[in-house]
Amino acid sequence: MSLSINQQQLVEQFSLLKSWEDKYRFILRLGKSVPAMDDVLKVDDVLLNGCESNVWFYGEVVDDRLQLNIYSDAKIVRGLIAIICESFQGLALDKVVTFDCAQFLEELGLLSHLSPSRGNGIRAIIEQIAKVAQTR
């Protein structure tokens, strides 16, 4: 798999973290970078099904680029959202559709440490991103 610059940087960052605890703390720090979502945007219509925690998802294609606004009430999920968004950042839409983000997260050593329901929620986010990219 050919990685984008952002994806390569994530691989490098995670390769420096030796234990799951280190990765977990790093993910929580990344979650702090996810901008808060205004409460008026937190409506049931944009809640993703399949997520253990609440995840509000807005996505659209603007000028052939993916624009995402995703937020969760769970700190760990916000960190994973930051990683997912960074993974897709700058990709052409055809690459967004073909990029196996779940496999990428597994290669970073993340998905195997999540509960099955949390992993399903992360996959739901990834699937929704692919759907948005396909609607161009």
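**Cysteines**

Begin with the cysteine sulfur atoms of this predicted model: the count of disulfides comes to zero. Select Cys85 and Cys101 together. The closest cysteine sulfur to that of Cys85 belongs to Cys101, and at 9.2 Å it is too far for a bond. The search from the other end returns the partner just left: for Cys101, the closest cysteine sulfur is in Cys85, at 9.2 Å, again too far for a bond. A pair would have to lie within 2.5 Å to count as a disulfide, so the 9.2 Å between Cys85 and Cys101 rules this pair out. Before moving on, display the surface around Cys101: this residue counts as buried, at 1% relative accessibility.

**Ser87 and its surroundings**

Keep Cys101 displayed and add Ser87, which is placed in helix 3. Is Ser87 buried or exposed? Its relative accessible area is 0%, so Ser87 is buried. Cys101 is one of the residues in contact with Ser87 once neighbours within four places in sequence are left aside. The others to select are Ser4, Gln7, Leu10, Phe99 and Phe104.

**The largest nonpolar core**

Next, select Phe88. With neighbours within four places in sequence again set aside, Phe88 is in contact with Leu66, Val96, Phe99, Cys101, Ile126 and Ile129. Phe99 and Cys101 thus appear in the contact list of Phe88 and in that of Ser87.

Phe88 belongs to the largest nonpolar core, which has 38 residues. Add Leu105 and Ile125 to the selection: together with Phe88, they touch the most other members of this core. Colouring by element shows where the core draws its residues. Helices 1 (5-15), 2 (20-31), 3, 4 (93-98), 5 (101-107) and 6 (116-134) each give two or more residues, as do strand 1 (55-62) and strand 2.

A second core, of six residues, is separate from this one. To locate it, select Val46, Trp56, Tyr71 and Ala82, which are among its members.

**The largest pocket**

Turn now to the open spaces. The largest pocket has a volume of about 340 Å³. Which residues should be selected to find the centre of this pocket? Leu66, Leu68, Cys85, Glu86 and Gln89 are the closest to it, out of 17 lining residues. Cys85 has already been visited as the partner in the sulfur search from Cys101, and Leu66 as a contact of Phe88.

Highlight strand 2 (65-72) and helix 3 (75-88), each of which supplies at least two residues of the pocket lining. Strand 2 provides the largest share, six residues. Colouring the lining by class gives eleven nonpolar, four polar and two charged residues.

**The cavity**

The structure also holds one cavity of 30 Å³ or more. The space in the largest cavity is about 40 Å³. To display its walls, select Cys51, Glu52, Ser53, Val77, Arg118, Gly121, Ile122 and Ile125. Ile125 is familiar from the largest nonpolar core, where it was named with Phe88 and Leu105. Helix 6 makes the largest contribution to the cavity lining, with four residues. By class, the lining comprises four nonpolar, two polar and two charged residues.

Remain on helix 6 and select Ser117, which is placed there. Ser117 is partly exposed, at 32% relative accessibility. Apart from neighbours within four places in sequence, Ser117 is in contact with Gly50 and Glu52; Glu52 is also one of the residues that line the largest cavity. A C-alpha to C-alpha line from Ser117 to Gln103 spans 17 Å, for a separation of 14 residues in sequence.

**Loops**

Move to the loop between strand 1 and strand 2, where Asp63 is found. Asp64 lies in this loop as well. What is the phi of each of these residues? Phi of Asp63 is near 55°, a positive value in a residue other than glycine. Asp64 likewise has a positive phi, about 60°, although it is not a glycine. Most residues other than glycine have a negative phi. Both residues can be picked out on the surface: Asp63 is exposed, with a relative accessible area of 73%, and Asp64 counts as exposed at 52%.

End in the loop between helix 2 and strand 1 by selecting Asp38. At 47% relative accessibility, Asp38 counts as partly exposed. Draw a C-alpha to C-alpha line from Asp38 to Tyr71: the two are 33 residues apart in sequence and 9.8 Å apart in space. Tyr71 leads back to the second core, of which it is a member.

How values were computed:
Residues numbered from 1 in each chain as written. Predicted model: local features only at pLDDT ≥ 70, side-chain atom pairs only at ≥ 80, totals over all residues. Heavy atoms only, no water. 1 Å grid on protein atoms, 1.4 Å probe; cavity = no way out; pocket = protein on both sides within 12 Å on 5 of 7 lines; lining within 4 Å. Points joined across faces, edges and corners; volume = space filled by probe spheres on them. Nonpolar A, V, L, I, M, F, W, Y, C, P; charged D, E, K, R; others polar. Core = buried A, V, L, I, M, F, W, Y, C linked by side-chain atoms within 4.5 Å. Buried < 20%, exposed > 50% of the residue type's maximum accessible area, 1.4 Å probe, protein only. Contact = heavy atoms within 4.5 Å.
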